[in-house]
Every structure is written in structure tokens, then in C-alpha cells.
Amino acid sequence: MEINIAIAKGDGIGPEIIDSAMEILDTIEKKFNHKFIYKEVSLGGYAYDRCGDPLPKETIDICKSSDAILFGAVGGRKWDNLPVDKRPERAILGLREELGLYANLRPGILFNSLKDASPLKAEIIGDGFDIALIRELTGGIYFGEKGYKDTPRGKGAYDIELYTEMEIERIAKVAFNTAMKRNKKLTSVDKANVLEASRLWRKTVEKIGKLYPEVKLDHIYIDNASMQVIRDPRQFDVILTSNLFGDILSDEISMLTGSIGLLPSASLGEKNKGLYEPIHGSAPDIVGSNKANPIATILSAALLLQHSGGLEKESKTIEMAVHKALADGYRTADIARGNEDAIGTKEMTEIIKKNIEKMVLN
Ligand code: IPM
Ligand code: MG
């Protein structure tokens with residue numbers, strides 16, 4: 001099969017981790033006889049430095065005409081004081097909006113071999129957890145009206161949280177469909193005790209829930225959810241939430257799995273097109289030191305093959321190769337504990353690559 005992939009390396013450790021993921025894709029391409037066609041695009045701080053725009057039109061056009069986008073990370077201290085529309089983050093927000101990628105899937109899985117890396121106690125972890133967090137990605141406070149205004153209490157700034165029924169319905173359907181493929185349990189997270197947008201959210205999720213009578217639906221408030229994922233993460237299966245709450249909750253859940261360096265994400269729209277990226281950032285402090293954990297990006301490439309390529313077996317092969325590397329005790333610095341030796345980005349990539357090459361498929 002042929003897949004056209006836009007490669008957006010971005011800033012910081014972006015180029016290093018994307019190179020790792022591409023090496024893994026090359027290995028899959030050879031083993032399974034596919035053709036992956038790459039087109040590199042520039043965005044983020046890197047693009048701003050070159051042409052004054054963090055998301056050049058050419059980049060948007062190439063991403064639009066590709067089947068999928070593999071994205072590294074954007075941002076860094078150097079660009080922190082730029083005006084909002086020039087900041088590197090504009091690149092990722094702009095792409096999500098331009099491509100209509102409203103559904104963000106962020107799996108939070110605690111690998112058996114990494115139980116020690118989780119900050120949670122063994123009795124809370126039990127035999128591990130597997131949470132599918134689904135975050136609405138193109139609405140809410142991120143994309144609502146924003147600005148400055150004078151008030152009787154002085155100058156102020158505002159960002160409006162607005163959700164339409166249509167936006168809630170379509171993301172709720174993604175969540176219910178995910179729940180149907182898993183354990184038919186869905187928790188919707190909101191702040192309906194305070195926010196009007198959350199009350200519409202809850203009512204609309206209830207309405208869509210009627211179409212999925214087999215799915216057990218619960219609602220909890222975001223403050224409670226933040227506490228519950230630490231108290232007992234195993235109570236959750238699929239979590240559905242808004243753009244802002246999902247941003248925060250997914251970072252929290254990632255830490256419970258041992259490291260934010262492990263978790264991939266997929267951002268999907270109506271068709272099979274998707275943008276795939278690690279949920280971590282550009283980590284400016286470790287750039288160029290061969291320290292970044294490439295696993296989140298490698299697993300993002302696995303999600304790409306699954307969702308945009310329909311290549312289930314190839315995707316599973318990557319996941320199994322990653323699990324084997326971890327089960328064999330290989331650790332990058334972020335997940336090494338106590339006296340465990342840490343290996344670098346390149347070494348981890350090489351081990352995962354070898355695992356794929358050696359894997360016997362049935
Ligand atoms: C994420 C990031 C982004 C977000 C930033 C970089 C704009 O934190 O993907 O979680 O807030 O969505
Ligand atoms: Mg975030």
C-alpha cells in the first residue's frame with residue numbers, strides 16, 4: 001500500500017524523535033512491502049525563523065494533500081515573547097483547525113514492564129490500566145472569541161468557551177464508538193456545576209448516549225476527575241472531554257504511566273486523514289543530547305498506520321516491538337529508575353528496529 005506522509009519535524013527534540021519514527025516506518029515498509037512517500041514541511045519556530053510565519057501556506061497545502069501528517073513538537077524559549085499569531089504553537093493549532101481534526105485520541109496505558117516508573121503505589125496500580133482519553137480538539141476555549149477590554153475593574157483579557165451541539169455530538173459519537181469496541185464504559189468529564197457550555201455538553205452527550213444503550217455512561221466534574229485518576233485509575237476505560245480539560249487531564253494521565261515520553265496521540269477528522277504526534281513538547285533542555293525518548297513518536301507512527309493506512313498488523317508489530325524493548329529492560333533516561341542504565345534515543349530506536357526485523361508473523 002502507498003501512503004503519502006507529510007513530515008513535520010518542528011523544533012527542539014522534534015527532528016530527533018521524528019528521525020527515529022521514520023527509521024521505524026522504513027523498517028515496516030521493507031518488511032511488509034509498502035511504499036511510504038515522505039514530504040517534509042516546515043513549521044513552528046523553525047518556520048518562523050525562516051519566513052516569519054509559524055505555519056506557512058505551503059505547509060498547510062502539503063498537509064492537506066497528504067494522507068497523514070507525522071508531527072514532532074513545536075516551541076522553545078527563544079520564541080516565547082512573540083505575538084500570539086507568530087508563536088510556534090500557532091502551527092499545531094492552525095493545522096488542527098485547517099484540517100478539521102476535531103477528535104484527539106490519547107491512549108494512557110501503563111505497560112506491565114514499567115510499573116516501577118509510575119509514581120503510583122503498587123496497590124493502586126494493581127495489574128495496570130488502559131485509559132482511552134478522547135479530547136475535543138477544534139472547539140471550546142482554544143478557538144472561541146478572545147481579546148482585551150476595559151472593565152470597571154481595569155483592563156482585562158478574555159477567552160470564551162463556546163461549544164455548539166454539533167461539535168459535541170460528533171466528538172461524543174467518536175467516544176461512544178470507541179467504547180463499543182472496548183468495554184462499553186464511558187466517562188464524560190465536564191464542569192456542569194459551574195459552566196453553561198458544560199451543561200450543554202452533558203445534555204448533548206446524554207442525548208447521543210441514547211443511540212448507544214449498551215454503553216454505560218457516567219459524568220464527572222473535571223476537578224473530581226483529576227483526583228480520581230490518581231486515586232484509582234483502573235475505574236476508567238474511555239474518557240470523553242473538552243479541549244482544555246483534555247489538554248490538562250492527558251498530561252496528568254501520561255505521568256501516571258511513567259513518563260510523558262511514552263504516549264502517542266492521533267488527531268482525526270471526518271475521513272481517514274490524521275495528524276499523529278507525541279503528547280509531549282519540544283523539551284529544549286535536552287535538544288541534541290541523544291536523551292529524548294523516541295517511543296511516543298514511534299507509537300504515533302503506529303497509530304498513523306492503523307488509522308490513516310488501515311494497516312492493523314503493521315501497527316501491532318510496532319507496538320509489540322516497543323513492548324519487547326521495555327520488557328527486555330531497555331530504558332531511556334526519563335524512565336530509568338535507581339541503578340538502571342539509560343540508553344539514548346538512537347540506541348532505543350535501533351533496538352525497536354531489530355525487534356521488528358526479527359519478529360516472526362503468523
Ligand atoms: C498539546 C499541547 C498543545 C495544546 C499546545 C502546544 C498548543 O499542549 O497538544 O497537548 O495545548 O493542545
Ligand atoms: Mg498539552
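The buried residues of helix H8 (222–231) are covered by elements that include strand S8 (185–190), strand S9 (216–221), strand S10 (238–241) and helix H9 (243–256), where covering rests on contact, meaning heavy atoms within 4.5 Å. Helices here are DSSP runs of H or I with at least four residues and strands are runs of E with at least two, both numbered from the N terminus. The residues of H8 concerned are Ile222, Ala225, Gln228 and Val229, which are buried; buried means under 20% relative accessible area, exposed over 50% and partly exposed in between, with a 1.4 Å probe and protein chains only. Seen down the axis of H8, these residues fall within an arc of 110°, so they line one face of the helix, the arc being that of the directions from the helix axis to the C-beta atoms.

This is a predicted model, in which local features need pLDDT of at least 70 and side-chain atom pairs count only at pLDDT 80 or more, whereas totals for chains, interfaces and linings use all residues. Residues are numbered from 1 along each chain as its sequence is written, chains are lettered from A and ligands numbered from 1 in the order in which they are written, and side-chain values use heavy atoms, with hydrogens and water left out.

Two helix pairs can be described by their axes, which are lines fitted to C-alpha atoms over the stretch in contact, with angles running from 0 to 180 degrees between N-to-C directions. H8 and H9 pack at an angle of about 10° with their axes 10 Å apart, which makes H8 roughly parallel to H9; angles under 35 degrees count as roughly parallel, over 145 as roughly antiparallel, 65 to 115 as roughly perpendicular and the rest as oblique. In this pair, Ile222, Ala225, Ser226, Val229 and Ile230 of H8 meet Phe245, Leu249, Glu252, Ile253 and Leu256 of H9. By class, that contact of H8 with H9 has eight nonpolar, one polar and one charged residues, where Ala, Val, Leu, Ile, Met, Phe, Trp, Tyr, Cys and Pro count as nonpolar, Asp, Glu, Lys and Arg as charged, and the others, Gly among them, as polar.

The axes of helix H10 (295–307) and helix H11 (312–327) come within 7 Å and cross at roughly 160°, which makes H10 roughly antiparallel to H11. Their contact involves Ile295, Ile298, Leu299, Ala302, Leu303, Leu305 and Gln306 of H10, together with Glu312, Glu314, Ser315, Ile318, Glu319, Val322 and Leu326 of H11. By class, the contact of H10 with H11 has nine nonpolar, two polar and three charged residues.

Leu263 sits in the loop between H9 and strand S11 (264–268) and is buried, with a relative accessible area of 5%. Leaving aside its neighbours within four places in sequence, Leu263 is in contact with Pro107, Gly108, Ile109, Ser254, Thr257, Pro278, Ile279 and Ala296.

Two asparagines have a positive phi although neither is a glycine.

| Residue | Phi | Loop between | Relative accessible area |
|---|---|---|---|
| Asn33 | about 60° | helix H1 (14–32) and strand S2 (35–41) | 68%, exposed |
| Asn290 | about 60° | strand S12 (274–278) and H10 | 26%, partly exposed |

In helix H4 (89–98), the buried residues are Ala91, Ile92, Leu93, Gly94, Leu95 and Arg96, and among the elements covering them are helix H2 (44–51), helix H3 (57–65) and S12. Just after H4, Gly100 takes a positive phi of about 65°.
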